[in-house]
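The following paragraphs lead through the enclosed spaces, the open pockets and the charged contacts of one protein chain. Please keep the structure in view while reading.

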Amino acid sequence: MTASLGLGSFSQRRVLGVLAASLLSLSVQAATLTRDNGAAVGDNQNSQTAGATGPVLLQDVQLIQKLQRFDRERIPERVVHARGTGAHGTFTVTDNLSDLTRAKVFAAGEVTPVFVRFSSVVHGNHSPETLRDPRGFATKFYTAEGNWDLVGNNFPTFFIRDAIKFPDMVHAFKPDPRTNLDDDSRRFDFFSHVPEATRTLTELYSNSGTPASYREMDGNGVHAYKLINAKGEVHYVKFHWKSLQGLKNLDPKQVVEVQGRDYSHMTHDLVTHINKGDFPKWDLYVQVLKPEDLAKFDFDPLDATKIWPDVPERKVGQMVLNRNPANVFQETEQVAMAPSNLVPGIEPSEDRLLQGRVFSYADTQMYRIGANALQLPINAPKNPVNNGNQDGAMNLGHTSTGVNYQPSRLMPREEPQIARYSQLALSGSTQQAKIQREQNFKQAGDLYRSFSKKERQDLIDSFGGSLATTDDESKHIILSFLYKADPEYGTGVTGVAKGDLTRVKALAAKLSD
């Protein structure tokens with residue numbers, strides 16, 4: 001009787017064990033990747049684009065579904081950038097950019113209120129701020145023409161170049177779903193397939209991955225954007241915040257010391273300095289390229305994994321943060337940053353990662369906070385909102401008109417020509433393919449060689465220590481990326497990670513520049 005109610009006889013248990021082993025062996029065999037409706041996925045590595053250099057297509061149902069599902073994975077905490085700190089301030093223009101853009105935020109002498117949300121990326125709302133992580137640097141400009149959000153990081157580059165890989169990348173960075181524990185081997189399994197991540201991984205495992213404070217780090221828009229002037233001329237730009245407090249990072253020993261006494265050291269630092277009137281400041285710079293300049297590089301300048309070396313920087317203005325939030329939840333946690341919040345004269349480029357973020361971030365905020373999230377005081381623009389959007393949870397509006405549609409003669413709402421997007425000439429057919437100029441390793445080597453001797457050794461020790469625990473094949477592939485970037489770099493990390501240098505060199509020799 002006991003046996004019949006339990007696991008059965010010894011022979012039955014043996015059969016079950018053999019069956020389980022068989023199922024386990026089958027689980028590692030390749031199966032067809034599908035969408036949620038069961039349809040096969042033909043390409044999960046590249047978004048559909050309009051030609052080789054055109055924008056991403058809305059008809060890419062795999063991209064849209066992945067981003068929609070990813071955006072809804074947590075309630076209500078952000079899936080990424082959950083641990084955040086915010087502050088109010090102003091941005092003052094010191095160099096009129098009317099030659100580049102008609103956006104009033106860059107008019108001579110313009111002073112614009114801003115709210116900045118700094119954050120870590122991977123872990124939850126109460127995770128230690130000492131953890132190695134990129135840091136979000138998102139700025140909401142309350143301009144006279146509507147809100148513009150410059151949503152970026154302290155790193156100038158990102159790990160991936162196509163938004164279709166964003167959910168996969170974050171899943172790889174997150175703790176193992178079986179144990180909820182960090183597992184470097186999962187990350188390196190993923191990144192062994194993503195050679196374009198080599199520069200940003202180098203940044204992450206350098207001491208820049210553990211900043212000493214939010215005040216003492218730079219910010220970057222990461223992506224290329226388009227500025228359009230009054231003549232309709234287009235220029236591609238990258239935005240960079242330069243800290244006037246200087247740069248300061250923690251080395252591996254300092255990380256342990258700081259975390260032992262304060263797991264909120266970055267938040268404490270920012271709140272304390274603003275409260276005592278020591279207001280942090282950043283200068284904003286832009287790099288500028290004409291459309292015809294894009295073809296002159298040996299990599300794709302619209303690739304978010306690349307910086308623009310040797311392109312001059314032009315100072316635009318200065319930001320000062322001078323007020324802490326009155327209520328952290330109502331302001332810092334409910335602020336809805338999204339790259340889709342643009343104003344006339346500023347447009348997204350054809351950067352494939354940015355194209356996906358334009359959809360994904362706004363969709364995330366709508367899911368997280370609601371359809372009327374932009375009516376909240378922290379998100380509401382300073383200029384009037386005038387459209388037919390209505391209803392939905394927590395609608396705070398006071399609409400009295402019966403005209404909630406457009407066009408209408410009863411209540412005309414104009415569509416000014418100046419607010420139209422610039423035109424982009426297209427050629428070719430729709431496609432799902434890699435960009436044509438990858439150059440995955442050169443900038444990683446340049447970054448490594450820019451470090452001091454101590455910074456190089458800290459990087460080698462940090463990267464090698466994490467890499468040591470991953471599976472043998474992924475480890476040696478990653479090591480070959482580092483060796484291709486710089487032989488000294490790859491050799492050093494190989495030693496710490498206990499890899500086979502001969503094997504690393506052989507793998508690196510097969511990589512294209």
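Helix H4 makes the greatest contribution to the lining of the second largest cavity, supplying four residues. Here a cavity is a set of points on a 1 Å grid, laid over the protein atoms alone, where a 1.4 Å probe fits but cannot get out, and a lining residue has an atom within 4 Å of a point. Helices (H or I, at least four residues) and strands (E, at least two) are DSSP runs numbered from the N terminus. The model is a predicted one, in which local features need pLDDT of at least 70 and side-chain atom pairs count only at pLDDT 80 or more, while totals for chains, interfaces and linings use all residues. Residues are numbered from 1 along each chain as its sequence is written, and side-chain values use heavy atoms, with hydrogens and water left out.

The second largest cavity encloses about 190 Å³, where a volume is the space filled by probe spheres set on grid points joined across faces, edges and corners. Its lining comprises 20 residues, and His81, Val121, Asn153, Phe158 and Phe166 lie nearest its centre. Two or more lining residues come from each of E5, H4 and H10. By class, 14 of the lining residues are nonpolar (Ala, Val, Leu, Ile, Met, Phe, Trp, Tyr, Cys and Pro), four are polar (the others, Gly among them) and two are charged (Asp, Glu, Lys and Arg).

The structure holds four cavities of 30 Å³ or more, and the largest has a volume of about 320 Å³. Of the 21 residues that line the largest cavity, those nearest its centre are Arg78, Val80, His81, Tyr361 and Gln365. H10 is the main contributor to the lining of the largest cavity, with five residues.

The open spaces come next. A pocket is an open set of grid points with protein on both sides within 12 Å along at least five of seven lines. The largest pocket has a volume of about 1700 Å³ and is lined by 46 residues, with Pro384, Val385, Asn386, Asn387 and Asn389 nearest its centre. Its lining divides into 18 nonpolar, 22 polar and six charged residues. The second largest pocket holds about 700 Å³, and among its 34 lining residues Pro156, Glu203, Ser208, Asp218 and Leu247 are the closest to its centre. The lining of the second largest pocket has eleven nonpolar, ten polar and 13 charged residues.

Charged side chains also pair directly. The model contains 30 salt bridges, each a side-chain nitrogen of Lys or Arg within 4 Å of a carboxyl oxygen of Asp or Glu. One of them joins arginine 161 to glutamate 196, with an N to O distance of 3.7 Å. This pair links distant parts of the chain, 35 residues apart: arginine 161 is in the loop between E5 (146–153) and H4 (166–173), and glutamate 196 is in the loop between H5 (184–191) and H6 (198–205). Arginine 161 is buried (under 20% relative accessible area) at 9%, and glutamate 196 is likewise buried at 13%. Arg161 and Glu196 belong to a network of salt bridges that also includes Asp303, Lys306 and Glu438.

Another salt bridge connects lysine 454 and aspartate 251, with the closest N and O atoms 3.2 Å apart. Lysine 454 is in helix H12 (residues 453–467), and aspartate 251 is in the loop between E8 (234–243) and H7 (252–261), 203 residues apart. Lysine 454 is partly exposed (from 20% to 50%) at 47%, whereas aspartate 251 is buried at 14%.

Technical notes
Buried means under 20% relative accessible area, exposed over 50%, partly exposed in between (1.4 Å probe, protein chains only).
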